[in-house]
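Biologist: Could you walk me through this one? I'd like to go through the cavity, the core, a helix and a sheet, in that order.

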Amino acid sequence: MRTTTNTPDTPINATPNARRQRPPSSSLVRNLGILAHVDAGKTTVTERILFLTGATHKRGEVHDGTTVTDFDAQERDRGITIFAAAVSCAWDGHRINLIDTPGHVDFADEVERSLRVLDGAVAVFDAVAGVEPQSESVWRQADRYDVPRIAFVNKLDRAGADLDTAVASIRERLHTVPLVVQLPIGREDEFTGVVDLLRMRALLWHPGIDTYETTRIPEALADHAHARRRELEEAVAELHPAAMEEYCTTSTLTTPALRAALRDLTLSGEGVVVLCGSAYRNRGIEPLLEAVVSYLPSPTDVPPVRGTLGDTEQERPADPTAPFAGLAFKVNATATGRLTYVRVYSGTITKGETVMDAGTGRTERIGRILRVQADRHAELDRATAGDIVAVVGLKKASAGTTLCSPAAPLVLEPPAVAASVVSVAVEARRSVDTGRLSSALARLVEEDPSLAVRVDRETGQTVLSGMGELHLEVAVEKIRRAHGIEVSVGRPQVAYRETVVRGVRGLVYRHVKQDGGAGQFAHVVLDVEPLEVQPGPTPTFTFDATVTGGRVPQEYIRAVEAGCRDALTEGPLGGHPVTGLRVTLTDGATHSKDSSEMAFRTAGRLALRTALRAATLQLLEPVVELTATVPEDAVGGVLGDLAARRAHVTNSTTRSGTATLTATVPLSELFGYATRLRSRTQGRGTFTTRPLGYAGVPVGALGR
């Protein structure tokens, strides 16, 4: 069953004589990501895939720090995936470009950027825990990009593992139709193989042997297997018209018809094929690879990529002969050069070719093209439509940059970047390192767009913002390790917002300035009111104009809107950004000589600031959904501690002496919570969080 890859592990500085490779046809390529909650086993799944395809010759283990994809020193120290790592391997004549994504909520932006360029995904679930909070979050991220998925229920060898319970959680929490194509043989530590419900056979793995043995279904499972095959056929027939027609005619589905229908349902997102196994014990990985090839799409199976050129929308097919268009989704500044990771959507790029940044019009030359193998690379002569590669030589391209042929420009939609919610002040301990710290921070932001750096105007401190405590901790540690700079870090602060609760109407503001020469004149009348919250992580801002009779020209209306947006950066409550309001310009007046766009922009800014001081505002704070898993005898203490942190408990379940508590908690109340939870549960409690957005701060809550 084991195949060998034709990808040599060649370092980035490989000699010119290193073996060159040509990419396969786009129809034989699979671009997929491994998605999961932290500790569900996705990195182990990735390592077993690399081993079984011959890309590596030794099984990497997370607990030993020997994995290929978790190659960063911090990942190995912490035992979690922090950075999305791309690898490539071959299976059954197909090229598989695989990205192992982080499972921790603080690094969700890495997942977002990866999903933007992937064609399919394998969602890994823990057979004991089922769907966990971050499993749900990454599933929703994949929904946004319409990424087809198959599911792999992992860790069936653990105590308490149950495939049916995990599948039920997939159905209930992810609101999809799970189509189970395998059954486990044996429970918990006696798990030895799976029943293949398509071919009605048993696949058994024996200790010390990497491949499986095909045999008859054990008699004890035969009746159950036939009943589950029947259930699978009925579920598929309900969703697939052609399968329904065959089922109604013959009362059954042939294996080819069932396989074809499963592929169609996977590509359309109407169903999710579910497989099972134990990656740690190397059981279930070969069938997973076969499912990847059989059910997940190639670049030619997905719709052509859409982009814009001016005001027109265009499509580019996954055709090597079409004009080149690609999207940069990750940048790594290494000691040996700057690597830009690119998904090629159409056309072909070759070494030495000139490409254009479609956003800026700037052209750059591609020095080298590399097949990615985590921290090692193999050199390519070219990359064609459907490929994911790293290129050397681009000095300005960043994550989200569209690269295209200069003769056929096209702008692709970049991946969304989440707004940062936690900030810390950072400064170099030695004054001589201040300049080096600024350069290191700039490089961090270049590599990770979810980080932001600013200088506080009041204190002069440099403020680093990110997605959570761990995110910032990793960033600061990277500065220390990679650049040798000792850094002092302040206490974390959350990113508050301000919003309008009760607005004002008919606010009149006249901006007049006369200091010799041409003056400034702008007269505006504004209505400010709360904006009904729209779907999304935070409320938005809208601007309307109802001025009639041409009293304010269109170019001045745009200037008023720009001024209003300027005023939103600092609110009157505490200097926090203002959100969730609608501003309407209802009237105004101009002067024949002194009115200008600058005057109306200034008037818009000052008018809205005046209106906000007159309106009733409320402070908003980021809130998260916390899921804590604690021993049943510690529930009382944990609930009391959560109540003291202004938490609202929304659910509580108990199973086998372990309680799972779900609560909505202000993010500011969770700093240091890991230590407190360990203390309350004698080290047996764990928790995870996922962002929910913003909620109002109760009066007096911040003064406690």
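Modeller: Before the cavity, one definition: strands here are DSSP runs of at least two residues in state E, numbered from the N terminus. Please also keep in mind that this is a predicted model.

Biologist: Fine. How many cavities of 30 Å³ or more are there?

Modeller: The count comes to one cavity of 30 Å³ or more, and the volume of the largest cavity is about 40 Å³.

Biologist: Which strands supply at least two residues of its lining?

Modeller: Strand S2 (85-91), strand S3 (94-100) and strand S19 (368-373) each do so for the largest cavity, with S2 giving the largest share, three residues.

Biologist: And which residues line the largest cavity?

Modeller: The lining of the largest cavity is made up of Ala86, Val87, Ser88, Asn97, Leu98, Arg371, Val372 and Ile388; sorted by class, that lining has five nonpolar, two polar and one charged residues.

Biologist: Switching to the core: which residues have the most contacts inside the largest nonpolar one?

Modeller: Val122, Ile150, Leu232, Val236 and Leu262 have the most contacts inside that core, which has 53 residues. Helix H9 (residues 285-295) contributes the largest share of this core, seven residues. There is also a second, separate core of 40 residues, which includes Leu441, Val476, Leu620 and Val635.

Biologist: What is Leu232 in contact with, leaving aside its neighbours within four places in sequence?

Modeller: With those neighbours left aside, Leu232 is in contact with Leu179, Val180, Val181, Leu197, Leu198, Leu258 and Leu262.

Biologist: Now helix H1, how many of its residues are buried?

Modeller: In H1, which spans residues 42-52, 11 of its 11 residues are buried, and these include Lys42, Glu47 and Arg48 as well as Val45, Ile49 and Phe51. Buried means under 20% relative accessible area in this case.

Biologist: What follows H1?

Modeller: Gly54 follows H1, and the phi of Gly54 is positive, near 85°.

Biologist: Last topic, the open sheet of three strands: what is the strand order?

Modeller: The order is S13-S12-S24, and the pairing is antiparallel. Strand S13 (312-316) and strand S24 (411-412) stand at the edges with a single partner strand each, so one side of each is left without a neighbour in the sheet.

Biologist: How many bridges join S12 to S13?

Modeller: Five bridges join strand S12 (residues 305-309) to S13, and these two strands run antiparallel; Arg306 stands opposite Glu315 in S13.

Terms used:
Residues numbered from 1 in each chain as written. Predicted model: local features only at pLDDT ≥ 70, side-chain atom pairs only at ≥ 80, totals over all residues. Heavy atoms only, no water. Pairing = 2+ DSSP bridges. Helix = DSSP H or I, 4+ residues; strand = E, 2+ residues; numbered from the N terminus. Buried < 20%, exposed > 50% of the residue type's maximum accessible area, 1.4 Å probe, protein only. 1 Å grid on protein atoms, 1.4 Å probe; cavity = no way out; pocket = protein on both sides within 12 Å on 5 of 7 lines; lining within 4 Å. Points joined across faces, edges and corners; volume = space filled by probe spheres on them. Nonpolar A, V, L, I, M, F, W, Y, C, P; charged D, E, K, R; others polar. Core = buried A, V, L, I, M, F, W, Y, C linked by side-chain atoms within 4.5 Å. Contact = heavy atoms within 4.5 Å.
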